[in-house]
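I opened the file to look up how the helices meet, which residues sit at their contacts, and where the aromatic rings pair. These are my notes in the order in which I worked.

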Amino acid sequence: MQVLKRFYEEFDRTHDVEAAIAESLARVGPVMIAAGTIAALSFCSLVTFRTATIRTFGLFTGFGILSRW
């Protein structure tokens with residue numbers, strides 16, 4: 001959603017699709033990677049719980065987020 005919003009902002013500014021794509025990914029891409037990494041690590045931290053269901057959920061969700069890259 002944030003990438004799409006940035007794309008429309010850049011497209012309104014440049015009126016060039018390729019330039020808008022490149023600029024929007026250059027600006028939002030690193031932030032999205034950082035957010036995804038933090039989310040994955042946060043879910044993986046659930047492995048410290050004693051309940052097996054919570055540990056399993058944390059690991060699968062964390063690795064699921066990382067696998068999207």
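**Notebook: helices, contacts and rings**

I began with the handedness of the first helix pair, and the crossing of α1 and α2 is right-handed. I keep in mind throughout that this is a predicted model. For the geometry of this crossing I noted that the axes of helix α1 (residues 2-14) and α2 come within 8 Å, and that they cross at roughly 145°.

Next I listed who takes part in the contact. From α1 I wrote down Gln2, Val3, Arg6, Phe7, Glu10, Phe11, Arg13 and Thr14, and these meet Val17, Ala19, Ala20, Ile21, Glu23, Ser24, Leu25, Arg27, Val28 and Met32 in α2. Sorted by class, the contact of α1 with α2 has 10 nonpolar, three polar and five charged residues.

**The span of α1**

I then checked whether α1 has the length that its residue count calls for. With 13 residues at 1.5 Å a residue, α1 should span 18 Å, and because its end C-alpha atoms are 18 Å apart, the two values agree. The expected span is taken as 1.5 Å times one less than the number of residues.

**Two residues in the contact**

Is Glu10 buried or exposed? I asked since Glu10 is one of the residues of α1 that meet α2. Glu10 has a relative accessible area of 3%, and it therefore counts as buried, the cut-off being under 20%. Setting aside residues up to four places away in sequence, I found Glu10 touching His15, Ala20, Glu23, Ser24 and Arg27.

Ser24 came next, and its place is in helix α2. Its relative accessibility is 2%, so I entered Ser24 as buried as well. Which residues is Ser24 in contact with, leaving aside its neighbours within four places in sequence? I noted Val3, Arg6, Phe7, Glu10 and Gly29.

For Lys5, which is placed in helix α1, I looked up the distance to Ser24: the two are 19 residues apart in sequence, and their C-alpha atoms are 8.6 Å apart in space. Lys5 itself has 51% relative accessibility and therefore counts as exposed, since the cut-off for that class is over 50%.

**The link between α1 and α2**

I followed the chain past the end of α1, which is followed by His15, a residue placed in the loop between α1 and α2. What stood out in my notes is the backbone angle: phi of His15 is near 60°, a positive value in a residue other than glycine. At 62% relative accessibility, I recorded His15 as exposed.

Val17, found in helix α2, was the next entry. Its relative accessibility is 43%, so Val17 counts as partly exposed. Not counting residues up to four places away in sequence, Val17 touches Phe7 and Phe11. I also looked up a distance back to the start of the chain, and the C-alpha atoms of Val17 and Met1, 16 residues apart along the chain, are separated by 17 Å.

**Aromatic rings**

How many aromatic pairs does the structure hold? I counted three. For the pair of Phe43 and Phe57 I noted 5.8 Å centre to centre and 80° between the planes, an edge-to-face arrangement. This pair links distant parts of the chain, with Phe43 in helix α2 (residues 17-44) and Phe57 in helix α3 (residues 52-67), 14 residues apart. I also entered the accessibility of both rings' residues: Phe43 has a relative accessible area of 28% and is partly exposed, and Phe57, with 47%, is partly exposed too.

Elsewhere I noted that ring pairs link Phe7, Tyr8 and Phe11 into a cluster. Phe7 and Phe11 appear again in my entry for Val17, which touches both.

**A glycine in α3**

My last look-up was Gly58, which lies in helix α3. At 0% relative accessibility, Gly58 counts as buried. Not counting residues up to four places away in sequence, Gly58 touches Phe43, Cys44 and Leu46, and Phe43 is the residue of α2 that I had already entered as a ring partner of Phe57. For a distance to the other end of the chain I took Leu4: Gly58 and Leu4 are 54 residues apart in sequence and 29 Å apart in space, C-alpha to C-alpha.

Key
Residues numbered from 1 in each chain as written. Predicted model: local features only at pLDDT ≥ 70, side-chain atom pairs only at ≥ 80, totals over all residues. Heavy atoms only, no water. Phe/Tyr/Trp six-rings, centres within 6.5 Å; stacked < 30°, edge-to-face > 60°. Helix = DSSP H or I, 4+ residues; strand = E, 2+ residues; numbered from the N terminus. Buried < 20%, exposed > 50% of the residue type's maximum accessible area, 1.4 Å probe, protein only. Axes fitted to C-alpha atoms, helices over the stretch in contact; angles between N-to-C directions. Left-handed = near helix turned anticlockwise from the far one by under 90°. Contact = heavy atoms within 4.5 Å. Nonpolar A, V, L, I, M, F, W, Y, C, P; charged D, E, K, R; others polar.
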